[in-house]
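Me: How many salt bridges does the structure hold? Please take a close look at that part, and then go through the rest of the chain.

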Amino acid sequence: AKAHNNAVVGFVTTADGRVRDVRLVRSSGSAELDKFAVALVKGVAPYPPIPPETGLKTWSFTVQIGPFL
């Protein structure tokens, strides 16, 4: 199926830059784009470490991935 929206992916990074809890929050309408978006978030890990001065052990993100602005 053709994508009608960007895929929205949620995930959590840990203090050392690892990624966990990757999930599809909203489908693009295309199973192929949805799978790609989840794989992309997992594939670019590790992320930069969380700066210690933030006092955070994890950081949650929700991002749009796809061709739509």
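Reply: The structure holds two salt bridges, a salt bridge being a side-chain nitrogen of Lys or Arg within 4 Å of a carboxyl oxygen of Asp or Glu. This is a predicted model, in which local features need pLDDT of at least 70 and side-chain atom pairs count only at pLDDT 80 or more, while totals for chains, interfaces and linings use all residues. Residues are numbered from 1 along each chain as its sequence is written, and side-chain values use heavy atoms, with hydrogens and water left out.

One of the two salt bridges joins the side chains of Arg-18 and Asp-16, with 2.9 Å from N to O. Arg-18 counts as exposed because its relative accessibility is 52%; the term exposed stands for over 50% relative accessible area, buried for under 20%, and partly exposed for what lies in between (1.4 Å probe, protein chains only). Its partner Asp-16, at 44%, is partly exposed.

In the other salt bridge, the side chains of Asp-21 and Arg-20 meet at 3.3 Å, N to O. Asp-21 has a relative accessible area of 47% and is therefore partly exposed. Arg-20 is also partly exposed, at 41%. Asp-21 has a further feature in its backbone: its phi is positive, about 55°, although Asp-21 is not a glycine. Asp-21 belongs to strand 2, which covers residues 19-26.

That strand is one part of a chain with one helix and three strands. Helices (H or I, at least four residues) and strands (E, at least two) are DSSP runs, numbered from the N terminus. Along the sequence their pattern is β-β-α-β.

After strand 2 comes the loop that leads to helix 1, and Ser-28 is placed in that loop. Ser-28 is buried, because its relative accessibility is 1%. A polar atom of the Ser-28 side chain lies 3.1 Å from the backbone nitrogen of Ser-30. Leaving out residues up to four places away in sequence, Ser-28 touches Ala-3, His-4, Asn-5, Asn-6, Ala-7, Leu-33 and Asp-34, where contact means heavy atoms within 4.5 Å.

Two of those neighbours, Ala-7 and Leu-33, appear again in the largest nonpolar core. This core has ten residues: Ala-3, Ala-7, Val-9, Phe-11, Val-22, Leu-33, Ala-37, Val-38, Val-41 and Ile-65. Such a core is a set of buried Ala, Val, Leu, Ile, Met, Phe, Trp, Tyr and Cys residues joined through side-chain atoms within 4.5 Å. Strand 1 (7-14) and helix 1 are the elements that give two or more residues to the core, and helix 1 gives the most, with four. For Ile-65, the contacts beyond four places in sequence are Asn-6, Ala-7, Val-9, Leu-33, Phe-36, Ala-37, Leu-40 and Val-41.

Phe-36 and Leu-40, both touched by Ile-65, also take part in a surface feature. Together with Val-44 they form a nonpolar patch, with about 260 Å² of accessible area in total. Patches are made of residues with over 30% relative accessible area and no salt bridge; like charges are joined within 9 Å, and nonpolar side chains (Val, Leu, Ile, Met, Phe, Trp, Tyr) within 5 Å. Accessible areas come from the Shrake-Rupley method with a 1.4 Å probe, and for residues, only the protein chains shown count as cover. Phe-36 is found in helix 1, and because its relative accessible area is 47%, it is partly exposed.

Past the helix, Pro-46 is placed in the loop between helix 1 (31-43) and strand 3 (58-65). The peptide bond that joins Ala-45 and Pro-46 is cis, with omega at about 5°.

The segment after strand 3 contains Phe-68, which is partly exposed at 35% relative accessibility. Phe-68 touches Ala-3, His-4, Asn-5 and Asn-6, again without residues up to four places away in sequence. Phe-68 and Leu-40 are 28 residues apart in sequence, and their C-alpha atoms are 17 Å apart in space.

Last, the chain as a whole. Of its 69 residues, 30% count as buried. Among contacts with a separation of 6 or more, 62% are between residues 24 or more positions apart. The C-alpha atoms fill a box of roughly 45 × 20 × 15 Å along the principal axes. The accessible surface comes to about 4,700 Å², and 59% of that belongs to carbon and sulfur atoms.

Methods: A polar contact is a pair of N or O atoms within 3.5 Å; within protein, one must be able to donate a hydrogen and the other to accept it, and residues adjacent in sequence count only if both atoms are side-chain atoms.
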